[in-house]
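Open the model in your viewer and keep the selection panel at hand. The stops below say what to pick and what to look for.

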Amino acid sequence: MKYRMCVLPGDGIGPEIVAQAVRVLDRVGEVFGHGFECATHLIGGAAIDATGGPLPEETLVAAKASDAVLLGAVGGPKWDAMDKAVRPEKGLLGIRKELGLFANLRPARLFDVLKNACCLRPDIVGQGLDVMVVRELTGGAYFGQPRGEEVRDGERVAFNTMIYSESEIRRIAKVGFETARKRSGKLCSVDKANVLDVSQLWREVVIDEARNHPDVELSHMYVDNAAMQLVRAPSQFDVIVTENLFGDILSDEAAVITGSIGMLPSASLGAGGPGLYEPIHGSAPDIAGKDLANPLATILSVAMMFTHSFGLPAEAAAVERAVAEVLGQGYRTGDIMSPGGALVGCSRMGELVAGAIRA
Ligand code: NAD
C-alpha cells in the first residue's frame, strides 16, 4: 500500500526530530511492505525566512492533498519580535484551521521503565498514569472574535473572546465519548461552569450528548481542580475532554508528570481528510542543532498516524514496542536520563528505534 505524507520539519529541533521519525517510518515501510512517499514543505519561521509568511500556499495545497501530515515544531527567538500576524505560530494555527482539525488527542502515558523520571511521589506513580486528553483545537479564546488591543480611558487594554457554538461543543464531546468507549469507558469533561457562560453551555451540551453514549460514565470537573487532581491522583483519569485553552495547559501538565515533554505525541483530527501528527513540545531553541533532542514524541506521533489515519494497528504497535524495547535496554536522551542509563543523542536514538522495528 502507498501512502502520501506531507512532512513539515519547521524550526529549532523540528528538522532533527522529524528526520528520526521519517527514518522509523521508512523502516516500518521496509518491514511491513508499505510505501511512504514523503514530500517536505515549509512552515513557521523557516517559511517566513523563505517566503515572507508562516504558511505558504504551496504547503497548504500539499497538506490537503496528502494522506497525513507529520510536523516537527515551529517558532524561536529569531521571530519573536515579529508582527503577531506573521509569527511562526500563525502557521500552525492556520494549518489546523484550514484542515478543520478540531480534535487534538494527547495521550500521556508513563512508560514503566521511566518511572524514576516522573516528578511525582513513588506512591502516586505506583497507581499508574495513562490519561488521554481530548482537546478542542479550532475554537475558544485562541480564535474567538473580537480580539485585539486598544486604548480605553487613556490606557492600553487587550482582550480575547472565549466563544463556542453548540455544534462545536457537540462534535468534540462525541470524540471524547468515542475515545472513552475504546478505553475504560470513563470520560471527565473539564470546564469552568461556575464562572464562565461559555463553560455553562459546554456542560449542558456535553450532558445532552451523553444520552447518545449511555455506556460511557461521564463526570465533570472544574479546570482548577483538574489541574490539582492531575498531580495529586492522576490515576483517577482515563479520558479528559476539554476546550482549547484549558486543554493546552492540562495536556502539558499531564505531559510533564510522565517524565519529559520529549516523550509525548499528539494527533489532530478533523471530520475527514488528512490528520496532523506532531510532538506536543515546541521547537526547543535552547538545544536546537546540538543532537540533544529526544525524538521519541515525534516517533510515537508516527504510531498515532498508523492508528488514526492509516488503520495500521500492527505497525503502530511495532513502533511502540520498539520504543519500549530501546528504553528497556537503558538508552536515554538527556531529558530522560537517570543514573545507570546510556546517554545517546537524537540521531542515535532514532537509529536504535528503527533497528528495533519488527513485524
Ligand atoms: P519547548 O517545548 O520548545 O521547550 C520547553 C523545554 O523543554 C526546553 O527546555 C526544551 O529544551 C525542552 N524540550 C522540548 N522538547 C524537547 C525534546 N524533544 N527533547 C528534549 N528536551 C525538549 O517550549 P518553549 O521553550 O516554551 O518554546 C520554544 C519555542 O517553541 C517558542 O517559540 C514557542 O512559541 C514554540 N512552541 C511551538 C510549539 C509547536 O510547534 N507545536 C509548541 C509550543 C511552543
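Select Ala 284 and the ligand. A backbone N or O atom of Ala 284 sits 2.8 Å from a ligand oxygen atom. The model is predicted, so treat this distance, like the others on the tour, as computed from predicted coordinates.

Add Gly 76. Here too the backbone is the partner: an N or O atom of Gly 76 lies 3.0 Å from an oxygen atom of the ligand.

Now pick Glu 89. This time the side chain takes part, with a polar atom 2.6 Å from an oxygen atom of the ligand. Show the ligand surface while you are here. On its own the ligand has 800 Å² of accessible area, and the protein covers 68% of that.

Widen the selection to the whole shell. How many residues surround the ligand? There are 20, and the closest are Val 74, Glu 89, Gly 282, Ala 284 and Asn 294. Color the shell by residue class. You should get nine nonpolar, seven polar and four charged residues.

**Helix pairs**

Leave the ligand and select residues 296–308, helix α10, together with residues 313–328, helix α11. Their axes come within 7 Å. Which way do the two helices run relative to each other, parallel or antiparallel? The axes cross at roughly 155 degrees. That is over the 145 degree cut-off, so α10 and α11 are roughly antiparallel. The crossing of α10 and α11 is left-handed.

Next, select residues 14–32, helix α1, and residues 346–355, helix α12. The axes of α1 and α12 come within 9 Å and cross at roughly 15 degrees. An angle under 35 degrees counts as roughly parallel, and α1 and α12 are therefore roughly parallel to each other. Their crossing is right-handed.

**Two backbone stops**

Go to the loop between β5 (130–136) and β6 (148–152), and select Pro 146. Display the backbone from Gln 145 into Pro 146. The peptide bond joining Gln 145 to Pro 146 is cis, with omega near 0 degrees.

Move along to the loop between β6 and β7 (155–159), where you will find Asp 153. Check its phi: the value is positive, about 50 degrees, although Asp 153 is not a glycine.

Why stop at these two places? Because most residues other than glycine have a negative phi, and most peptide bonds are trans. Label Pro 146 for its cis bond from Gln 145 and Asp 153 for its positive phi, then save the session.

Terms used: Residues are numbered from 1 along each chain as its sequence is written. This is a predicted model: local features need pLDDT of at least 70, side-chain atom pairs count only at pLDDT 80 or more; totals for chains, interfaces and linings use all residues. Side-chain values use heavy atoms; hydrogens and water are left out. A residue is near a molecule or strand if one of its heavy atoms lies within 4 Å of it. A polar contact is a pair of N or O atoms within 3.5 Å; within protein, one must be able to donate a hydrogen and the other to accept it, and residues adjacent in sequence count only if both atoms are side-chain atoms. Accessible areas come from the Shrake-Rupley method with a 1.4 Å probe; for residues, only the protein chains shown count as cover. Ala, Val, Leu, Ile, Met, Phe, Trp, Tyr, Cys and Pro count as nonpolar, Asp, Glu, Lys and Arg as charged, and the others, Gly among them, as polar. Axes are lines fitted to C-alpha atoms, for helices over the stretch in contact, and angles run from 0 to 180 degrees between N-to-C directions. Helices (H or I, at least four residues) and strands (E, at least two) are DSSP runs, numbered from the N terminus. Angles under 35 degrees count as roughly parallel, over 145 as roughly antiparallel, 65 to 115 as roughly perpendicular and the rest as oblique. A crossing is left-handed if the near helix is turned anticlockwise from the far one by less than a right angle, and right-handed if clockwise.
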